[in-house]
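Q: I am new to this structure and would like a close look at one part of it. Could you walk me through the empty space inside and what surrounds it?

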Amino acid sequence: QVQLAESGGGLVQAGGSLRISCAASRSIFTFNTMGWYRQAPGKQRELVAEITLSGSTNYAEFVKGRFTISRDIAKTTIDLQMNSLNSEDTGVYYCKAVGRGIPTIYWGQGTQVTVSS
């Protein structure tokens with residue numbers, strides 16, 4: 001069973017930065033895509049950023065220019081560097097991975113990000 005473990009969430013002031021990480025229990029090359037989603041209170045879970053097996057990236061419009069997704073092959077992690085945070089970025093951030101072959105979807109438990117204004 002694949003495990004995804006997020007870390008690095010916390011409380012930050014508006015305008016600040018935060019970096020969150022997702023550690024996978026197996027090589028990230030066994031996934032077609034990995035990414036970050038977030039869910040604010042009372043709202044649906046939404047895509048923030050994703051990275052494909054080939055290294056291509058895709059960002060939601062509301063984070064373009066502020067967030068950067070990256071991967072560390074040796075550490076089997078993907079990171080999300082978040083800059084210029086605002087209160088609307090508050091939510092639980094989830095790591096998602098889609099397996100190769102049979103596209104099984106895996107989710108982490110989530111990490112809370114709170115931006116104070």
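A: Happy to! The largest cavity holds about 50 Å³ of space, in what is a predicted model. With a cut-off of 30 Å³ or more, the structure has 1 cavity. Rolling a probe the size of a water molecule over the atoms is what shows where empty space is left.

Now for the walls. The lining of the largest cavity is made up of Ile-28, Phe-31, Asn-32, Thr-33, Met-34, Ile-51, Thr-52, Leu-53, Arg-71 and Ile-78. Two elements, S4 and S5, give two or more residues each to this lining, and S4 provides the largest share, with 4 residues. By character, the lining residues split into 6 nonpolar, 3 polar and 1 charged.

One lining residue, Met-34, leads us on to the nonpolar core. Met-34 is among the residues with the most contacts inside the largest nonpolar core, together with Leu-4, Trp-36, Leu-80, Met-82 and Tyr-93, and this core has 29 residues. At least two core residues come from each of the strands S3 (18-24), S4 (31-39), S5 (46-52), S7 (67-72), S8 (77-82), S9 (91-99) and S11 (111-116). The largest share of the core, 4 residues, belongs to S3.

To see how such a core residue is surrounded, take Tyr-93. Leaving aside neighbours within four places in sequence, Tyr-93 is in contact with Trp-36, Leu-80 and Met-82, and also with Glu-6, Ile-20, Tyr-37, Arg-38, Val-48, Phe-67, Gly-110, Thr-111 and Val-113.

Definitions and conventions. Residues numbered from 1 in each chain as written. Predicted model: local features only at pLDDT ≥ 70, side-chain atom pairs only at ≥ 80, totals over all residues. Heavy atoms only, no water. Core = buried A, V, L, I, M, F, W, Y, C linked by side-chain atoms within 4.5 Å. Buried < 20%, exposed > 50% of the residue type's maximum accessible area, 1.4 Å probe, protein only. Contact = heavy atoms within 4.5 Å. 1 Å grid on protein atoms, 1.4 Å probe; cavity = no way out; pocket = protein on both sides within 12 Å on 5 of 7 lines; lining within 4 Å. Points joined across faces, edges and corners; volume = space filled by probe spheres on them. Nonpolar A, V, L, I, M, F, W, Y, C, P; charged D, E, K, R; others polar.
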